[in-house]
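Student: Got a minute to walk through this one with me? I'd like to start with contacts.
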Amino acid sequence: MSALDHIIVENFIGGQFRQSSEHIPSYNPATGEVWASIPNSSESEVDHAVSAAETAFKDWSALDPAQRARFLLRIADAIDSRLDQLALAESMDQGKPVKLAKAMDIPRASHNFRSFAEAWQHLREDSNQMISAGVVNYTIRHPVGVAGLIAPWNLPLYLLTFKIAPAIMAGNTVVCKPSEMTSVTAWMLAKIFQEVNLPAGVVNMVFGYGGTCGQYIVTHPKVKMISFTGSTAVGQHIARVAAPLMKKISLELGGKNAAVIFNDADLEKCVQGVVRSSFLNQGEICLCTSRIFVQQDKYEQFLTKFVESTRELKTGDPMDPDNFLGAVNSKQHYEKIQTYLQYAVEDGGKLLTGTSRLKLPEKNINGWFIPPTIIVNLPDNSRCMQDEIFGPVVCVTSFQTEDEVIQRVNNTRYGLCASVWSENVGTIHRMAQQLEVGTCWANCWLIRSLSMPFGGFKESGSGREGIQQSLEGFTEQKTVCVKIK
């Protein structure tokens, strides 16, 4: 695969690739040029995918879990064998540096399949004995049926596989809709499904816009569950639509995540950690830090070192291993971020970095690049301190007391994650107790165990994902009561 290739993505339905009559242009964010054509799937194509999944469900759900696990392990091995190809495609589709895709996105995709394949045998059911009634109670789990999986554009293969793996390991069949802006690696994954002889219809891929293709999946009467990762606005729409239809839903949504740095923090470690948490993947990770609260005595010292370290980051061609940031995903998103930088100035903020013109190679001059940007002097109620920008933009402010910063960090409609930087274990535990977030890191960031639940408070989502949580989410639990005397 090279930058000159033009890819025609096809739907994957019932184990076969099917061409579509209409296509959507997909752009390489680093060049601004069309590099792929994506199906603009119709309602009938979604219906065919759901029918294929429904047909496959009976045999797949009846298969011994150990046999299902073997398919997942073969898929994981095949992903690993294509590390370079998949990483290059993910970079050209999403805008992230190739080296990041090779180090994070693609290894995590294979890890997802392995983790869920190996976890099923360790799940435990509930049971008890009621001696006076002479009965034994126990629980068993059944797959939900056909699940609709809708994945975002920021970590395309990473997050799609985090849904597919538990869904099919639990015995479900699925209809997937990746983002229309980042569909290529999902199409490549479908080729892997063919190669490992995954039974036809177990995983189906339909590509297209969220408002049409995604809506058809959400409202389809034979789709029993929706798992969605994306914006809060779309998640709220899905909840409104799916609730009257009594579908199970899992929503992993937006965040306005804070880093809290106390006077006793290890300055070198926290600067290094917060630079990474603010700007990794161009800030296009739902867990990225977008607000930094620094205790007053440490503020100036932290800010100086933070600005120095940020200025050392290189932004540009994702193929260049020296670049930490690539391009943001789309022209629309580029324009949104630029609008928020204007808001920052209007609201009284000062940009300490990100104001210099980038020097880009000729091939990248039409790409959508934004350098890492630090903003100070903004009030907590300003637009950049309240709204999810989802880019390489972070706001820095100071605080005096622990009680004060708890109130200010929680003063947002989101509650996905936070990081606390302190050498005082009491401070860390008090903060972890009181911050309204689904994940609280202490002196670290983005260290994830799939054995731990993941999700958000407030408008950051509904439900939890993780080995236990996802396998439970993709199943229905039944109680069996047996009279034994």
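Tutor: Sure. Contact here means heavy atoms within 4.5 Å. Keep in mind that this is a predicted model.

Student: OK. Which residues is Ser-460 in contact with, leaving aside its neighbours within four places in sequence?
Tutor: One run is Leu-251, Glu-252, Leu-253, Gly-254 and Gly-255. Tyr-414, Gly-415 and Leu-416 are also on the list.

Student: Is Ser-460 buried or exposed?
Tutor: Buried, with a relative accessible area of 0%. The cut-off for buried is under 20%.

Student: What does the side chain of Ser-460 reach?
Tutor: The backbone nitrogen of Leu-416, at 3.3 Å.

Student: And where does Ser-460 lie?
Tutor: In the loop between strand E21 (457–458) and strand E22 (461–462).

Student: Switching to sheets. What is the strand order in the open sheet?
Tutor: E15-E16-E17-E14-E13-E19-E20. That makes seven strands, with mixed pairing.

Student: Which strands stand at the edges?
Tutor: Strand E15 (350–351) and strand E20 (439–442). Each has a single partner strand, so one side of each has no neighbour in the sheet.

Student: In what sense do E19 and E20 pair?
Tutor: Parallel, over four bridges. E19 covers residues 417–421. Ala-418 has Cys-440 in E20 as its bridge partner.

Student: Last topic, the surface. Which residues make the nonpolar patch?
Tutor: Tyr-138, Ile-140, Val-482 and Ile-484. The patch is about 310 Å².

Student: Where is Ile-484 found?
Tutor: In the segment after strand E23 (475–483).

Conventions. Residues numbered from 1 in each chain as written. Predicted model: local features only at pLDDT ≥ 70, side-chain atom pairs only at ≥ 80, totals over all residues. Heavy atoms only, no water. Patch = residues over 30% accessible without salt bridge, like charges linked within 9 Å, V, L, I, M, F, W, Y side chains within 5 Å. Areas by Shrake-Rupley, 256 points an atom, 1.4 Å probe, with all protein chains shown as cover. Salt bridge = Lys/Arg side-chain N within 4 Å of Asp/Glu carboxyl O. Helix = DSSP H or I, 4+ residues; strand = E, 2+ residues; numbered from the N terminus. Buried < 20%, exposed > 50% of the residue type's maximum accessible area, 1.4 Å probe, protein only. Polar contact = N/O pair within 3.5 Å; in protein donor to acceptor, adjacent residues only side chain to side chain. Pairing = 2+ DSSP bridges.
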